[in-house]
Structures are given as C-alpha cells and as structure tokens.
Amino acid sequence: MINRKSRDEIKRMRHAGHIVALVHKKMKEVLEPGISTRELDAIAMNVIKENKAIPTFLGYNGFPGCICTSINDMVVHGIPSDKVIVKEGDIIAIDVGATYGGLVGDSAWSYAVGEITEDKKRLMRVTEESLMAGISKMRVGNVLDDISGAIEDVANREHLGIVRQYGGHGVGHSMHEDPFLFNYRVGDKTQLKSGMVIAIEPMLNLGGDEVMVLDDNWGVVTKDGKPSAHFEHTVLCTDDEPVMLTTLME
Ligand code: MG
Ligand code: MG
C-alpha cells in the first residue's frame, strides 16, 4: 500500500531532507584528491548529528556507514573505507539518508573530482537530466510508469545503460516503502496522488545495463567496468508542482 503523508509528516520530511542537503553541501566542499571515503563518512555523520538527526543508513541491513560512496564503475552501495582514497579524475556517487522526527530524507548525487573525461561529464549531465525528467512527471493525473518512461527516454537518447535491478521507492517512516519505481517502463499504471513521496533515483551506465554485487555483499559494480552515475531526490507529489524535499530550505 502506498502511504500518503499528512501535513505534519511532510514538515518533518522536509526537515530531514534539508539535513541531507546540508550533508551534500559539505561533501562538495571537502571532496578532493587524497581524502578517504571513511573520512567522508565521518564528516557526513557529524553534520547529521549536529542537526539532531539519525543516519538512516547506519546499521540498515547491517550497513557499516552513514553514506554510500560509489566510485567510477561502482554503481551504488559502496562501503566507506580507509583504503578507498578519492583520486583526481574520479566520479563519486554519495548517497545519504537522514531520519528526523521519525521520517526519512534520501538523496544521492554524483560528483566530479578535479578534471574528468568528457565521457564522464556526459554521463553525469545526462543522469541528472533523467532525474529531473522523472521528477517533472510526479504529478496528480500521471501514473508511476510516466516517471519511469521519462527517465528511460533520456537514457536511451544518449545510449546509456539503465541499471535494472535497483530503482526508486516510496519513503517516509521507513527508507523503503511502497511503491518500487523502475527506471524504465514496466507498464505500472499506479496513479500518483497528492501526499505521495517517492525517492526517484536513476542509475545510468556509460556502457551496458549489467551489474554485479561484490564479495563484500554491498558494492554494486558494472560488469563491463565502465563508469556509472547516480542522482536521487526525495520528491513530494502535490496538487500543484512536484516538490523536492531533499534541497536546502530557505
Ligand atoms: Mg539514496
Ligand atoms: Mg533511495
């Protein structure tokens, strides 16, 4: 069943989303060649705690960090580590969740470290564009498949691989609620209604669609070793424009 959030729940989700956005702002400031993903995790943890929120990912199914750090050919779910050092030319997807007042904000963003190749720039630009295309369909009168299709069309136009095994999701009191949102058309005619909140999160690859899970049972990488990008916002459906909840509040 898909929950529709009350005004009070939305208020708390907006606050959680603001904290998530603060983490991303900080990540952008501190990302530079030489920093380890474990250090990034510690900095993110500080921002979340300073703002009296709970790091949603920490301990989620046993995940050992409060952010996921996925570099280059890693798609999602990278475990922060002292041994993983960010390098010039990398792209790194940072995914973060914060729980505030019992409600969750969830957002991922891919960042360039120094100068990156034109291919990586295009991958990042188009994946962000596909997210925005998906968000624009989060409207009363549309169905879930309209969001999926908008993402798929942008990916196909640029011949990027679409990760099939992972996708967006309802979010609220739990990080993962109904519905599951595919990043390509599956014919899901579920009606969008005001008060629904969905984390929309395309993961696109410079190469093919295929991915596999590493031996640590978390990190997901592309099978062909080509780079992948990930952008995500938690988005509220209203009677008017879609509202991104994981942005900085004025
Ligand atoms: Mg996320
Ligand atoms: Mg998510």
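In this predicted model, Ile162 has Leu204 of strand 10 as its bridge partner. Strand 6 and strand 10, the latter made of residues 203–205, pair in the antiparallel sense, and two bridges join them. Strands of a sheet pair through backbone hydrogen bonds, in either a parallel or an antiparallel arrangement.

The pairing of strands 6 and 10 belongs to an open sheet of three strands, ordered 6-10-13, with antiparallel pairing. Strand 6 (161–162) and strand 13 stand at the edges of this sheet with a single partner strand each, so each has one side without a neighbour in the sheet.

The next topic is the metal site. Four residues coordinate the magnesium ion (ligand 2): Asp106 through OD, His169 through NE2, and Glu201 and Glu232 through OE, at 2.0 to 2.2 Å. Along the sequence, the spacing of these donor residues is D-x62-H-x31-E-x30-E. His169 is located in strand 7 (residues 168–170), whereas Glu232 sits in the loop between strand 13 (228–230) and strand 14 (233–236), so this pair ties together parts that are 63 residues apart in sequence.

Are His169 and Glu232 buried or exposed? His169 has a relative accessible area of 4% and Glu232 one of 0%. Because buried means under 20% relative accessible area, His169 counts as buried, and Glu232 is buried too.

Which residue bridges the magnesium ion (ligand 2) and the magnesium ion (ligand 1)? Asp106 does, and the two ions lie 3.1 Å apart. Asp106 is thus one of the donors to ligand 2 and also the bridge to ligand 1.

Methods. Residues numbered from 1 in each chain as written. Chains lettered and ligands numbered in written order. Predicted model: local features only at pLDDT ≥ 70, side-chain atom pairs only at ≥ 80, totals over all residues. Heavy atoms only, no water. Donors = N, O, S within 2.8 Å, 3.2 Å for Na, K, Ca; no water. Helix = DSSP H or I, 4+ residues; strand = E, 2+ residues; numbered from the N terminus. Buried < 20%, exposed > 50% of the residue type's maximum accessible area, 1.4 Å probe, protein only. Pairing = 2+ DSSP bridges.
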